[in-house]
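Hello, and welcome to my notebook. Have a look at the model first, and then follow along with what I looked up.

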Amino acid sequence: LVDDATLGVVIIVQYCVISSVINVCGMVTNFINIAVFIKMGFAEVINISLLSLSVADLGSLVALQFFNICISPWMQTADIPFEAFEVAYLAGGWPRMYTVRVVAWVTAFITFERCLCIAMPLKVKLILTPIRTVYILIFIFVFIAAALSASFITTTLVWKFFPGKNKTLVGIGVTANRKEVDSIAFVVNDIFLPISAYVSVVVCTVVLTVKLSSKAKWRQQSTTKSDHVTGKEKQVMKLVNVISGLFIASYFPNAVVFFWMAREPEFNIDGKYRNIFMVCFSYCFIAESLNSCVNIVVYYKMSSKFKSVFNTMFRLDPS
């Protein structure tokens with residue numbers, strides 16, 4: 001379907017140029033996000049969650065950029081002591097997968113927390129305190145690392161001979177039980193973790209959208225009834241809605257690709273359909289990078305406190 005020459009063009013244009021430019025911009029914006037959220041403090045749960053999201057976004061961009069550098073034609077032909085593509089797969093691809101899973105689950109947690117604000121507006125701050133939120137987010141980071149650890153246990157970097165290059169280089173080595181472990185790991189890492197997080201975000205986003213719509217209609221019809229959800233919380237809901245909407249749109253290509261991988265065993269990085277796999281993931285990576293890059297615009301436009309702290313840090317005219 002896709003020959004090697006076409007794949008070479010895709011790697012240069014989409015991985016090495018478009019994706020890399022977005023990645024670098026995203027690294028800068030997420031460094032700024034992290035600095036601003038730290039400056040804002042951790043008294044509010046949403047600040048802690050968005051800080052964690054920015055950290056995960058930054059990690060995914062760094063890992064993806066390392067992957068892009070390694071698979072570039074210049075690295076493939078460079079006189080280096082390792083096989084760049086194989087090192088990219090293990091040292092760039094898997095860390096990227098880890099951070100992307102974290103992004104998904106942190107986003108799911110953020111949307112769920114906003115739904116709790118709707119369901120139990122008077123109790124949510126007692127249930128989700130800042131310290132409990134920290135524990136939950138740490139659990140997300142640790143749990144996903146544990147889930148992905150099986151693949152690292154069965155795959156490592158070793159010295160081996162590459163006939164095509166007539167050299168002994170550092171490349172990927174696998175254990176004897178890799179196929180059995182990967183059959184289970186694929187279900188957990190590539191189906192359950194991403195799909196369940198994606199569905200959770202979709203469901204919670206729908207709930208938030210419906211609730212915000214009903215609130216707007218309620219304000220038009222009545223000015224006397226009490227409403228336990230404050231204006232500030234409604235603004236946060238809108239911000240979360242935009243973030244989750246961007247996540248849903250940008251990770252939809254990923255969901256399609258993983259569904260295809262589940263149906264076609266040869267559709268993977270070392271299978272029969274490797275080239276089309278690489279082309280498809282180039283679009284997935286660009287979408288992911290854009291999602292990680294543009295959040296700063298959402299925060300600045302929709303959070304007055306973020307905007308104020310940002311302007312103060314960079315000495316911008318608030319007007």
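How do α4 and α9 lie to each other: parallel, antiparallel, perpendicular or oblique? I will come back to that after a few basics.

**Ground rules.** I am working with a predicted model, in which local features need pLDDT of at least 70 and side-chain atom pairs count only at pLDDT 80 or more, while totals for chains, interfaces and linings use all residues. Residues are numbered from 1 along each chain as its sequence is written, and side-chain values use heavy atoms, with hydrogens and water left out. I take helices (H or I, at least four residues) and strands (E, at least two) as DSSP runs numbered from the N terminus.

**Entry on α4.** I looked up helix α4, which covers residues 84–119. Its 36 residues should span 52 Å at 1.5 Å a residue (1.5 Å times one less than the number of residues), and I found its end C-alpha atoms 51 Å apart, which agrees. I noted a kink of about 25° at G93, shortly before the proline P95; a bend is the angle between axes fitted to the seven residues ending at a residue and the seven starting there. I counted 30 of the 36 residues as buried (under 20% relative accessible area, with a 1.4 Å probe and protein chains only), so α4 is largely enclosed by the rest of the structure. At the start of α4, I saw a side-chain oxygen of E83 reach to within 3.0 Å of the backbone nitrogen of F85.

**Entry on α9.** Next came helix α9, residues 274–302. Its 29 residues reach 42 Å from first C-alpha to last, close to the 42 Å expected. I found a bend of about 35° at V294. Of the 29 residues, 22 are buried, so α9 too is largely enclosed by the rest of the structure.

**Back to the pair.** I see α4 and α9 pack at an angle of about 45°, with their axes 14 Å apart. They are therefore oblique to each other, the class left over once angles under 35 degrees (roughly parallel), over 145 (roughly antiparallel) and 65 to 115 (roughly perpendicular) are set aside. I also noted that their crossing is left-handed, meaning the near helix is turned anticlockwise from the far one by less than a right angle.

**Two single residues.** I looked up I138 in helix α6 (residues 130–154). At 45% relative accessibility, I138 counts as partly exposed (between 20% and 50%). Its C-alpha is 9.1 Å from that of S52, although the two are 86 residues apart along the chain. Last, I found G164 in the loop between β1 (155–162) and β2 (167–174). G164 is exposed (over 50%), with a relative accessible area of 81%.

Note on methods
Polar contact = N/O pair within 3.5 Å; in protein donor to acceptor, adjacent residues only side chain to side chain. Axes fitted to C-alpha atoms, helices over the stretch in contact; angles between N-to-C directions.
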